[in-house]
Amino acid sequence: MQFAGAVADMLVRLRDDERTYLALDLGLSATGFARTRLVQVARTPAWIVRGEEVEEWRPLGFTEHEGAFCLYGPDLKAVTLHEILHSSSGEQALGYLNRLARALTTATHNGFALPRITTFGVWFLEDGGVLLLPRQLVDTICESVPRERTLEMVDRFNHPDYEGEKALDFALAALTYTVAVGRYPYGGTTLEELRERMRDRPPTEPLVVCPELKPRLAEALTASLSPERTAAAEIELWPHLLEDLRTAGLYVSGIDGDHERLVREAERREKRFERSYHRAGYLRRNGFRLLVSALVIALVGGVAGNIIYQQLQPRSISGYAPEEVVRAFYESINTLDHETMQEAVVDGAGRQEVDQVMRMYVGSRVRLAMEHREGFLNAQEWRDQGMPEIEPGEMLFGIAELEIEHLDVEDIEPEEEQRFIARYERWYVADTGEPGEADPGEAEPGEAEPDTGNGEQELAPAPGRAPEIEGYRHQDRLYLRRDRVDWVIYRIENLVTEPIAEPEPVQ
């Protein structure tokens, strides 16, 4: 056959004496058994989906073109998914993904056994149709393509353990992530590393890679791709979601304070996820050796060995400026992130706060397991909503209106120590009918903070009683120094604790 011209990425037009053909050129140099296998499945029909209609596109076989083994068939005007991902803008690519989602929904409802989603196996036709190469043909081609190419064209978008609609749901989420964020959801230079990441951790936080992404979209992508996802896969929801995204846009026009806070929280989660992933991978690769080492350490001083190990691990706040460390410590109260709080302090500083958040975290997990709900209200979000009335059984907890002021202190080198004033409100639901409550107004500067909602018995109202809200204004002085290369809080002084008048609920 003669070359008649390039059609799109991976697609070329060939011709003989009578007609022209469309051919898929992946640069295959198949020989021997691989060549025989390709010839055997060459005429397996593909499907063209147009709306609710499905028709066959039957390949005519493989042919040689410039030393490559190409699949060819009746002529069509088309582009590959691979080209769409690499040459279209985000909004344009979403339009194509919407077409793919609709085609997959139609094919699923018609009982077709769909293959893995591959960037070479999905063609978008000029007339609006979508061509899907069949499973048998896709799998056989993948066996003949070099591993580094299948990693980019196939494995980046397909979970190794999913089948059916769940697999398609994951693939559409991975494709949408790639289009919206501008990179793959999971890193990894080898197939093994890529699959470990898909199984062991959420995708790279979208707001970390693309801070201007709309938070609602970032949250949806993370939820669909996370191993801990709880929602069932519903392939028919994707066309509506993609159309909404295309209409409303992918990105915010300007980043305000609330958005910056979401980005910082995403950065902290990403550091924690990546650190946990590396620890889990290390344990997988060195499980037996670590078991033997643990037995030895237990015999000769396991506690000391564990302390050394923990001290050698990077903190989630590693690289933070002093003010960022202070902010991370206080904002972690609202997210119940006791791990970040523990890593932001040394020498017992903030121990009462950390213990309280840890108790709240355990309590919320227990409640989620027993009642299938956390019943936990973030204090800052509650205040932003106008301080509405709390429903019975709900727990209001956390801080709001955080302000941080840097203190300039003479005779102290900035690289040796930093000091800050933190002002904030603390809100919680308390059972004020019980005797023996501490009076928050009795705290003296420099002393440990009094029990203003830190006791477990005060985290939720007694059964059958209306919840009562208490709030206090706090002012703390914080002292920071370097611990190895990181800034950490080594002392917290409570300067002011005063009650806030009872809030007026929103009617």
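**Figure 1. The hairpin of β6 and β7.** Two residues lie between the strands of the β6 and β7 hairpin, and E66 takes a positive phi near 50° there. Helices (H or I, at least four residues) and strands (E, at least two) are DSSP runs, numbered from the N terminus. The strands β6 and β7 (residues 68–74) run antiparallel and are joined by five bridges; two strands count as paired if DSSP finds at least two bridges between them. If you would like one pair to look for, T63 has C70 in β7 as its bridge partner. Strand β6 is mostly covered, with four of its five residues buried, where buried means under 20% relative accessible area, exposed over 50%, and partly exposed in between (1.4 Å probe, protein chains only).

A word on the model before the next views. This is a predicted model, in which local features need pLDDT of at least 70 and side-chain atom pairs count only at pLDDT 80 or more, while totals for chains, interfaces and linings use all residues. Residues are numbered from 1 along each chain as its sequence is written, and side-chain values use heavy atoms, with hydrogens and water left out.

**Figure 2. The open sheet that holds β6 and β7.** Five strands line up here in the order β1-β2-β3-β7-β6, with antiparallel pairing. Because β1 (2–8) and β6 (61–65) stand at the edges with a single partner strand each, one side of each is left without a neighbour in the sheet. From one strand to the next, the twist averages 40°; axes are lines fitted to C-alpha atoms, for helices over the stretch in contact, and angles run from 0 to 180 degrees between N-to-C directions. At the β1 edge, five bridges pair β1 with strand β2 (residues 11–15) in the antiparallel sense. There, Q2 has R15 in β2 as its bridge partner. As background, strands of a sheet pair through backbone hydrogen bonds, either parallel or antiparallel.

**Figure 3. A second open sheet, ordered β5-β4-β10-β9-β8**. This sheet has five strands, and its pairing is antiparallel. Its edges are β5 (53–57) and β8 (78–80); each has a single partner strand, so one side of each is left without a neighbour in the sheet. On average, neighbouring strands of this sheet are turned by 30° against each other, direction ignored. Three bridges pair β8 with strand β9 (residues 122–125) in the antiparallel sense, and A78 stands opposite L125 in β9.

**Figure 4. The largest nonpolar core.** This core has 52 residues, and L81, L97, L100, L104, L132, L175 and L213 are those with the most contacts inside it. A nonpolar core is a set of buried Ala, Val, Leu, Ile, Met, Phe, Trp, Tyr and Cys residues joined through side-chain atoms within 4.5 Å. Helix α6 (residues 164–181) supplies the largest share of this core, twelve residues. Leaving aside neighbours within four places in sequence, L97 is in contact with L81, L175, T176, V179 and L242; contact means heavy atoms within 4.5 Å. Another core lies apart from it and has 31 residues, among them Y330, A344, A422 and L478.

**Figure 5. L85 and its surroundings.** You will find L85 in helix α2 (residues 81–87). L85 counts as buried, at 17% relative accessibility. Beyond its neighbours within four places in sequence, L85 is in contact with T119, F157, L175 and V179. The C-alpha atoms of L85 and Y96 are separated by 9.6 Å, and these two residues are eleven apart along the chain.

**Figure 6. N334 and a backbone partner.** N334 has its place in helix α14 (residues 322–334), and it is buried, with a relative accessible area of 10%. A polar atom of the N334 side chain lies 2.8 Å from the backbone nitrogen of I399. Leaving aside neighbours within four places in sequence, N334 is in contact with F376, N378, Q380, F397, G398 and I399.

**Figure 7. The hairpin of β14 and β15.** Strands β14 (residues 468–483) and β15 (residues 486–499) run antiparallel, joined by twelve bridges. One bridge to look for pairs R481 with V488 in β15. Two residues lie between β14 and β15 in this hairpin, and R484 in the turn has a positive phi of about 60°.

Methods
A polar contact is a pair of N or O atoms within 3.5 Å; within protein, one must be able to donate a hydrogen and the other to accept it, and residues adjacent in sequence count only if both atoms are side-chain atoms.
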